[in-house]
Amino acid sequence: HLLPKFHGLAGEDPHKHLKEFHVVCSTMRPHDIHEDYVKMKAFPFSLDGVAKEWLCLQPDTINTWIDIKRRFLEKFFPASRTSSILKKIYGIRQQPRETL
């Protein structure tokens with residue numbers, strides 16, 4: 001119940017979800033258990049809706065935290081979204097009489 005929830009909706013930030021997920025997982029790691037193992041086991045419980053459906057469709061060959069994290073970001077924060085954000089940043093212009 002402490003895990004943050006990610007639904008896969010347009011307004012959600014997958015990077016923020018991963019950060020919050022990391023914080024929770026780092027506080028609940030049992031002794032002698034690798035943190036990545038805890039994350040792999042807990043991650044499905046942090047997803048709901050479209051995001052949970054997406055995870056269920058992933059192949060069984062995903063067996064590391066790095067793999068699932070990479071695929072999660074590819075799905076919910078695709079390169080096209082990054083390009084769109086960069087275009088907005090590059091398009092910022094100082095208006096006449098606008099102070100820096």
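A residue counts as buried when its relative accessible area is under 20%, as exposed when that area is over 50%, and as partly exposed in between. Keep those cut-offs in mind as you click through this model, which is predicted.

**Stop 1: Phe-21**

Select Phe-21, which sits in helix H1. Is Phe-21 buried or exposed? Its relative accessible area is 0%, so Phe-21 is buried.

Now show what surrounds this side chain. Beyond its neighbours within four places in sequence, Phe-21 is in contact with Leu-3, Pro-4, Lys-39, Ala-42, Phe-43, Ser-46 and Trp-65. Next, pick the C-alpha atoms of Phe-21 and Lys-5: they are 8.8 Å from each other, while the two residues are 16 apart along the chain.

**Stop 2: Lys-16 and Glu-20**

Stay in helix H1, which covers residues 14–27, and select Lys-16 and Glu-20. Their side chains form a salt bridge, with an N to O distance of 3.9 Å. How many residues apart are Lys-16 and Glu-20 in the helix? They are four residues apart, so about one helical turn separates them.

Colour the pair by accessibility if your viewer can do so. Lys-16 has 49% relative accessibility, so it counts as partly exposed. Glu-20 is partly exposed too, because its relative accessibility is 36%.

**Stop 3: Lys-39 and Glu-35**

You have already met Lys-39 as one of the contacts of Phe-21. Select it again, this time with Glu-35: a salt bridge joins the two side chains at 3.6 Å, N to O. Both belong to helix H2 (residues 35–42), where being four residues apart places them about one helical turn from each other.

Is Lys-39 buried or exposed? Lys-39 is buried, because its relative accessible area is 7%, and the cut-off for buried is under 20%.

**Stop 4: Asp-67, Arg-70 and Glu-74**

Move along to helix H4, residues 65–76, and select Asp-67 and Arg-70. These two are three residues apart, about one turn of the helix. Asp-67 is partly exposed, with a relative accessible area of 23%, and Arg-70 is partly exposed as well, at 40%. Add Glu-74 to your selection: salt bridges with shared partners link Asp-67, Arg-70 and Glu-74 into one network. Within it, the side chains of Asp-67 and Arg-70 meet at 4.0 Å, N to O.

**Before you close the viewer**

How many salt bridges does the model hold? The count comes to four. Try finding them again by yourself, beginning with Lys-16 and Glu-20 in helix H1.

How values were computed: Residues are numbered from 1 along each chain as its sequence is written. This is a predicted model: local features need pLDDT of at least 70, side-chain atom pairs count only at pLDDT 80 or more; totals for chains, interfaces and linings use all residues. Side-chain values use heavy atoms; hydrogens and water are left out. Buried means under 20% relative accessible area, exposed over 50%, partly exposed in between (1.4 Å probe, protein chains only). Contact means heavy atoms within 4.5 Å.
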